[in-house]
Amino acid sequence: MDAIVEHVFAEPSVPPVIAITEVGHLNSSTFLDCGMAIENTSNRPVLKIFNQHGGTVEEEDPSRKENGKKYLILRNKKTNKVSIYGTNVTYLKKPDYFKMKTFEDQTLTDKNLEFNSVFGTKKSSRVSKSRVNNAVDVSTDVFENISCSSDVLQSSFSKMNEFLIYLPLGCNRFSNKLETVYPVSTLLLDNEIDLMTDYAKEVISMLPISSENEDSLSTFFIKNLNRISHKTIQNICLLSLADGLIELLKLRSADLNYRNIEIYPNCEVINFKVLDNFVEYSVTGRDLTSKMKDKAVCHVIIIMMLINMYTFDLSWISPFLPSSSQRRLPLLMKVVGALLSKDDPTKYTMKMPLASLPAFQKLSKKSR
């Protein structure tokens, strides 16, 4: 848009001030007052903001200077002409309430609340107000009636086994019924199975599946699908999740940080499921840690147990796992609760009630 310069004030006697603060935004409030004064000694403008107590809430930080030169351009909407003002940039410093006489008799909570209500972010204002509203007055002798020490409390609770994080959330290893130890709902929700129904029906329509379909389906998926006696929609959905976890274990952490990565392109539900539940996030991005690898293998074992009527051959998954996971298989089978079958020593089964979890031992990276 074209405009005509009406006035240029390169060095006005009292230039406009651009105030820069790093502690939040200035809340619009009726009890704030802003003023600018000329300091007698240096003859420079000083911006000050006052609250209802009369104390300074924010003032200039003389230790910080602006090197660049800035101008304020104001446009007249009617004439479309602009006026240019040379400006003075000043940095505002955070107020020190502890040196202000106004707040000497008030608590720290009052000081924080006052500051956040006058000059702070919306989030800090909400948090500060909620702390005050939810505060509970407690007598000073409230803790004197507690007779038991922390040692007694510590002995009354057993430490949570670290292996529990490898198992599906909501499983019940203390159950006496096989179907309630690892319910399907702890692996795939009903709505997730509903979303995968069309995909499962498409797989069923391809039966029997031969090795010629390896372009669209993995070898692991084809071989284990042919082993399943009950090729239901639910079992195909569960096998797809196991297949997605096998694909995840083939990747490195660096591979996971590609934008729009598709670990399991055959089914979007499985792709999101794997990324959301079997990958850790750090400052550098997605990370496939040893803990997540073990968790993925445990879920694969559980799925293979469920779709094969709680009978499972280790050779069905071992060739498809990385060497580090293969070495961990005997331990992870114990974590899941699978035992070698007496009738067939090549297969694992589940015996109720499940044996207790093995003792957790944190291994060094070298041993992994």
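Two strands count as paired here if DSSP finds at least two bridges between them. Keep that in mind as you move through this predicted model.

Start by selecting residues 338–340 and 347–350, which are β12 and β13. These two strands pair in the antiparallel sense over 3 bridges, and they form a hairpin with 6 residues between them. For one rung of that ladder, pick Ala338: its bridge partner in β13 is Met350.

Now add β11, residues 311–313. β11 also pairs with β13 in the antiparallel sense, again over 3 bridges. Click Asp313 and you'll find Lys347 of β13 standing opposite.

Zoom out a little and you have the whole open sheet, 3 strands in the order β11-β13-β12 with antiparallel pairing. β11 and β12 are the edge strands, each pairing on one side only. Turn the view along the sheet to see the twist, which averages 40° from one strand to the next.

Stay with β13 and show its side chains. In a regular strand, side chains alternate between the two faces of the sheet. Here Tyr348 and Met350 make up the covered face, while Lys347 and Thr349 make up the uncovered one.

Next, bring in the helices. Select 290–307 for α10, which lies across β11, β12 and β13 and runs at about 125° to β11. Then take 323–336: this is α11, lying across β11, β12 and β13 too, at about 120° to β12.

Last stop: α8, residues 233–249. From first C-alpha to last, its 17 residues reach 25 Å, close to the 24 Å expected. Colour α8 by accessibility and it comes out mostly covered, with 14 of the 17 residues buried.

How values were computed. Residues numbered from 1 in each chain as written. Predicted model: local features only at pLDDT ≥ 70, side-chain atom pairs only at ≥ 80, totals over all residues. Heavy atoms only, no water. Helix = DSSP H or I, 4+ residues; strand = E, 2+ residues; numbered from the N terminus. Expected span 1.5 Å × (residues − 1). Buried < 20%, exposed > 50% of the residue type's maximum accessible area, 1.4 Å probe, protein only. Axes fitted to C-alpha atoms, helices over the stretch in contact; angles between N-to-C directions. Contact = heavy atoms within 4.5 Å.
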